[in-house]
Amino acid sequence: MDYDVKDMSLAEQGKLKIEWAEASMPVLRLIKKRFKREQPLKGIRVTACLHVTTETANLMKTLQAGGAEIRLCASNPLSTQDDVAASLVQHDGIAVFAIKGEDNKTYYQHIESAIAHQPHITMDDGADVVSTLHAKRKNLLKHVIGGTEETTTGVIRLRSMAARKILKFPVISVNDADTKHLFDNRYGTGQSTMDGIVRATNRLICGSKVVVAGYGWCGRGIAMRAKGMGADVIVTEVDPVKGLEALMDGFRVMPMADAAPIGDFFVTVTGNCRVIRAEHFAAMKDGAIVCNSGHFNVEIDIPALEKLSRKRRIIRSGVEEFTLRNGHRVSLLGEGRLVNLATAEGHPSSVMDMSFANQALGAEYLVKHYKKLEKKVYPVPAVIDKEIARLKLAGMGVVIDKLTKEQEKYLASWEMGT
């Protein structure tokens, strides 16, 4: 079997961590049990470009149980858990191409290795496999029946491709599922981002000023958790509706130019580029800490920070300190990559349980319906979304009400009024 991981001797350690995560993933566990029985993905080749973590490992094992042949590569050079990668190769026979800290050349070589088996389904977190296929390996597009996309940044790229009539196969936007963005983005990103900041810095959040750039679902979660830890939270936005929402949620709202001189921590989570730029770095106080929780490391203008600096050093694991020409020090966490994965372990498995249930059921849906789908981005079917929520509640031992016959009739009628 072809693979490229850091150290196979880490496999036993990775196996235990995968088992620990599985204990908090009851929905995926139920899907895996059904997949093993029904084999809905038998003969299907899947290329997955995701964060190689314990939670992703359980998704891969679920797809494999359903009959799929899988190749997995990393969607971020710093998110790979090397022991997990080794375990998937040794214990599950899954071809993995991922090494934590891999350089840009190796990153794309790993994507090339992952698509070498001519995939039928792509499973992306950031759309790098889809873009590679369309830009460099068009000869493989004829094999692809569809794909799934995990994150906001990837969906933005795919919708742009679809609008320009470039996209050559249907893609299901897992990110748009309620059981993904309402929970993974808000609660998962919120907790894991603050976890990454605290692990990297060991600084007190309480009493500090935390600037959150972007108030989408991820930004909401980060602002909520920072506030819960006692921070004075400031939100920057370009969308007036989201800015108004942040204000009414109790946060201060201002432009980044006004926030830069007063912030202690800065977190970008916009999905856009150069959100924190040279003029912002120059205005920051001595000791400011900057990080990113958006998918790509383009939200912080790192080249501009480098040009402004007269000295730089790694002062802690995952913390690079830049001394500006004015003498102020600005620290960058996790090389500007996803801080929740670069300096922590990513989302809790109980949240990823729902996100990856959407991935598994999305793949099954593509196999069943791809012939009827157009070459565009589709939401996760509502029936799948509701079923995942139902299974999650059942796994947590929670029961909710059901409509009575009278209530069903009332909701379906127009005659009954006050």
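Start by selecting helix H6: Asp 128, Val 129, Val 130, Ser 131, Thr 132, Leu 133 and His 134 are buried there. Keep in mind that you're looking at a predicted model. H6 covers residues 128-135, and 7 of its 8 residues are buried, so the helix is mostly covered. What do the buried residues of H6 pack against? Colour E1, helix H5 (104-114), E4 and helix H7 (152-163), and you have the answer.

**Zoom out**

Now show the whole chain. You'll find 17 helices and 15 strands in it. Along the principal axes, the C-alpha atoms fill a box of roughly 70 × 65 × 45 Å. A compact globule with 418 residues would have a radius of gyration near 22 Å, and this chain agrees because its own value is 22 Å. Of those 418 residues, 55% count as buried. Take the contacts with a separation of 6 or more: 72% of them join residues that are 24 or more positions apart.

Switch on the surface if you like. The chain exposes about 18900 Å², with carbon and sulfur atoms supplying 53% of that. Colouring by charge should pick out 57 positive and 49 negative side chains, and the centres of the two sets lie 3 Å apart.

**Into the core**

In soluble globular proteins, nonpolar side chains tend to be buried together. To see this here, select Val 52, Leu 59, Met 60, Leu 63, Leu 72, Val 96 and Met 123: they have the most contacts inside the largest nonpolar core, a set of 48 residues. Among the elements giving two or more residues to this core are helix H2 (26-38), strand E2 (69-74), helix H4 (82-92) and helix H16 (382-395). Which element gives the largest share of this core? That's H15, with 8 residues.

Stay with Leu 63 for a moment. Leaving out residues up to four places away in sequence, Leu 63 touches Leu 41, Val 46, Ala 68, Ile 70, Met 123, Ala 360 and Ala 363. There is also a second, separate core, this one of 24 residues, including Ala 200, Val 210, Val 233 and Leu 333.

**Two charged residues to click on**

Go to Lys 180, in helix H8 (residues 178-201). Is Lys 180 buried or exposed? Its relative accessibility is 3%, so Lys 180 counts as buried. Show what surrounds Lys 180: setting aside neighbours within four places in sequence, its contacts are Glu 150, Thr 151, Val 174, Asn 175, Asn 185, Ser 355 and Asn 358. Try a distance, too: the C-alpha atoms of Lys 180 and Ala 257 are separated by 33 Å, and the two residues are 77 apart along the chain.

Next comes Arg 220, which sits in helix H9 (residues 217-228). Arg 220 also counts as buried, because its relative accessibility is 14% and the cut-off is under 20%. Beyond residues up to four places away in sequence, Arg 220 touches Tyr 215 and Glu 245.

**Last stop: two backbone oddities**

Most residues other than glycine have a negative phi. Select Gln 118, in the loop between H5 and E4. Gln 118 isn't a glycine, yet it has a positive phi of about 60 degrees. At 33% relative accessibility, Gln 118 counts as partly exposed.

Finish at Glu 335, in the loop between strand E14 (329-333) and helix H14 (339-342). Glu 335 isn't a glycine either, and its phi is positive, at about 60 degrees.

Key:
Residues numbered from 1 in each chain as written. Predicted model: local features only at pLDDT ≥ 70, side-chain atom pairs only at ≥ 80, totals over all residues. Heavy atoms only, no water. Helix = DSSP H or I, 4+ residues; strand = E, 2+ residues; numbered from the N terminus. Rg over C-alpha atoms; globule rule 2.2 N^0.38 Å. Buried < 20%, exposed > 50% of the residue type's maximum accessible area, 1.4 Å probe, protein only. Contact = heavy atoms within 4.5 Å. Areas by Shrake-Rupley, 256 points an atom, 1.4 Å probe, with all protein chains shown as cover. Lys, Arg positive; Asp, Glu negative; His and termini not counted. Charge placed at Lys NZ, Arg CZ, Asp CG, Glu CD. Core = buried A, V, L, I, M, F, W, Y, C linked by side-chain atoms within 4.5 Å.
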